[in-house]
Amino acid sequence: MNGPVPPPSRPSEPGEERTHLPLAPAGEPPEQLRADAARNRTRLLDAASRLLTGCGAANLTMESVANAAGVGKGTVFRRFGDRTGLLLALLDHREGLLQAAFLSGPPPMGPGAPAAERLHAFGPAVMRHERGHHELILASRTDPLRAYAVPANRLRLSHVTMLLRQLDVVGNPELLAHTLLGSVDTALVHYLTRERGIALDQLEQAWHDLVDRLVQAPPQP
């Protein structure tokens, strides 16, 4: 890597005003909705999220979301355009829930727990969060460098970097954060679980092992 690594933006601390950072490229403004339209959109996405948990992405349809939300199917099409638009919006919605969990949620992932406990909880949460959406996530990666510019992913990097700094780890905290996040990358987790047959709990344990090695590393002379 050439040149110094610029410091990431700092995640919001408890009590600070913050907004959900989207799964969109940097510089692409989020859609602005009226209050009633935003509530209706959230209602539809909450219904889709419940269905996704119960039946999986393959069986999620515009009609099933409309029925679960108690609206007409046309309402879902007007809001999201098509099924792909719905799934992308659902990914972004659930990313917001993940962000809320590690920025302001309860311990051990949220504030109030020691930095090491928060870091241990973070990796498995990301793996579980993305496991049900791996096909859509991988299909959206048309540019291999795009993921590094996505605001939501930059927030994850900033969060892990902040925890590593709090732990006074040996080495460059941001580069180490990239290494940790690379170990739970969607494509890698998909390959290891689907192609190599490695259980998800083994990958979670590998995350814990990496964190322990970083936290317990002896100081440099």
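**Helix packing and helix length**

Mentor: The crossing of α2 and α3 is right-handed. The model is predicted.

Trainee: What makes a crossing right-handed or left-handed?

Mentor: The turn of the near helix from the far one: clockwise is right-handed, and anticlockwise by less than a right angle is left-handed. The crossing of α2 and α3 falls in the right-handed class.

Trainee: Why are α2 and α3 called roughly perpendicular?

Mentor: Helix α2 (residues 62–69) and helix α3 (residues 73–80) pack at about 115°, with axes 8 Å apart. Angles of 65 to 115 degrees count as roughly perpendicular, and α2 and α3 are therefore placed in that class.

Trainee: Which residues make the contact between α2 and α3?

Mentor: M62, E63, V65 and A66 of α2 meet K73, V76 and F77 of α3. Of the residues in this contact, 5 are nonpolar, 2 are charged and none is polar.

Trainee: How do you know which class α4 and α7 belong to?

Mentor: The axes of α4 (residues 83–104) and α7 (residues 151–166) cross at roughly 20° and come within 11 Å. The cut-off for roughly parallel is under 35 degrees, so α4 is roughly parallel to α7. The crossing of α4 and α7 is left-handed.

Trainee: How do you know that the length of α5 agrees with a helix rising 1.5 Å a residue?

Mentor: The 17 residues of α5 (115–131) should span 24 Å, because the expected span is 1.5 Å times one less than the number of residues. The end C-alpha atoms of α5 are 25 Å apart, which agrees.

Trainee: What makes α5 mostly covered?

Mentor: Buried means under 20% relative accessible area, and 13 of the 17 residues of α5 are buried.

Key. Residues numbered from 1 in each chain as written. Predicted model: local features only at pLDDT ≥ 70, side-chain atom pairs only at ≥ 80, totals over all residues. Heavy atoms only, no water. Helix = DSSP H or I, 4+ residues; strand = E, 2+ residues; numbered from the N terminus. Buried < 20%, exposed > 50% of the residue type's maximum accessible area, 1.4 Å probe, protein only. Axes fitted to C-alpha atoms, helices over the stretch in contact; angles between N-to-C directions. Parallel < 35°, antiparallel > 145°, perpendicular 65-115°, else oblique. Contact = heavy atoms within 4.5 Å. Nonpolar A, V, L, I, M, F, W, Y, C, P; charged D, E, K, R; others polar.
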